[in-house]
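Colleague: I'd like a close look at one part of this model, please. Could you walk me through it in plain words?

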Amino acid sequence: MNQRQNQFLHYLGNTLSELEYRLNEILNLCDRSIEQYQNGNSETKGQELNFAFSAFSGQLQTIKDVLPVISGEQISWSMLGTVRHAKFIKGCRNAITHDGQQVINMWVKGKYYVACDFHRITSKGVELIFAPSEDIATICTEFTLGLLDLVKQCLDGLVYDLSESQSLYDVRFYDAAIRHPAISNSSSSNQQFCSRNVR
């Protein structure tokens with residue numbers, strides 16, 4: 001495994017951790033919404049959920065960019081299209097990133113939905129995004145499970161190479177970091193580097 005593959009393997013771990021974190025954000029907001037509805041409270045957290053969904057949907061592009069570097073195989077949108085709801089998530093990601101849309105726009109009995117299919121006006125013409133009938137919590141859960149299965153398929157043949165992966169940071173990183181002004185100006189001897197990849 002070369003140095004770039006090793007770096008991107010660590011980056012993939014970070015991205016999958018963030019995907020899990022964002023999914024949990026979405027599921028917690030959706031669970032709270034159902035609980036509020038059952039308690040007779042109609043207050044919604046639609047904007048907060050849209051913010052969480054924006055961060056969640058952005059992980060798809062990152063995974064598409066990172067996987068080929070690790071596996072050595074091209075990952076096309078058609079391959080990702082085999083993942084349940086991936087085409088919808090990709091369309092939402094584009095609508096959010098490029099247009100600033102908030103796509104989650106319907107609340108029924110405590111559950112959040114995309115109310116109907118919607119259009120994006122792009123430089124290449126009109127793009128139609130088909131809205132699934134499922135609620136957002138179900139869509140995100142099914143998408144995540146399918147995406148993780150695809151990631152596993154891409155990495156299965158690399159099991160021996162992956163076992164040889166090295167730490168993300170080498171001695172040069174620590175030599176440079178120890179000279180950071182925040183450390184040299186600090187009177188505390190208890191310094192920590194905030195990365196889960198530091199070994």
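Which residue caps the N-terminal end of α5, and which backbone nitrogen does its side-chain oxygen lie 3.3 Å from?

Modeller: That's Asp135, with a side-chain oxygen 3.3 Å from the backbone nitrogen of Ala137. A bit of housekeeping: this is a predicted model, where local features need pLDDT of at least 70 and side-chain atom pairs count only at pLDDT 80 or more, while totals for chains, interfaces and linings use all residues. Residues are numbered from 1 along each chain as its sequence is written, and side-chain values use heavy atoms, with hydrogens and water left out.

For orientation, the protein has eight helices and four strands (DSSP runs numbered from the N terminus: H or I of at least four residues for helices, E of at least two for strands). Their order from the N terminus is α-α-α-α-β-β-β-β-α-α-α-α.

Back to the cap. Asp135 sits in the loop between β4 (125-129) and α5. Its side chain also makes a polar contact with the side chain of Thr138, at 2.7 Å (a pair of N or O atoms within 3.5 Å; within protein, one must be able to donate a hydrogen and the other to accept it, and sequence-adjacent residues count only if both atoms are side-chain atoms). Leaving aside neighbours within four places in sequence, Asp135 is in contact with Lys111, Tyr112 and Tyr113 (heavy atoms within 4.5 Å). Asp135 is buried (under 20% relative accessible area; exposed is over 50%, partly exposed in between, with a 1.4 Å probe and protein chains only). Even so, Asp135 has no salt bridge, meaning a side-chain nitrogen of Lys or Arg within 4 Å of a carboxyl oxygen of Asp or Glu. Lys111 is the nearest side chain of opposite charge, 4.4 Å away (Lys and Arg count as positive, Asp and Glu as negative; His and the chain ends are not counted).

Now the helix itself. At 1.5 Å a residue, the 21 residues of α5 (residues 136-156) should span 30 Å, and the end C-alpha atoms are indeed 30 Å apart (the expected span is 1.5 Å times one less than the number of residues). Buried residues in α5 include Ile136, Ile139, Cys140, Phe143, Leu147, Leu150, Val151 and Cys154. The full buried set covers an arc of only 160 degrees around the axis, so these residues lie on the same side of α5 (the arc uses directions from the helix axis to the C-beta atoms). Leu145, Lys152 and Gln153 are exposed, on the face turned away from that buried side.
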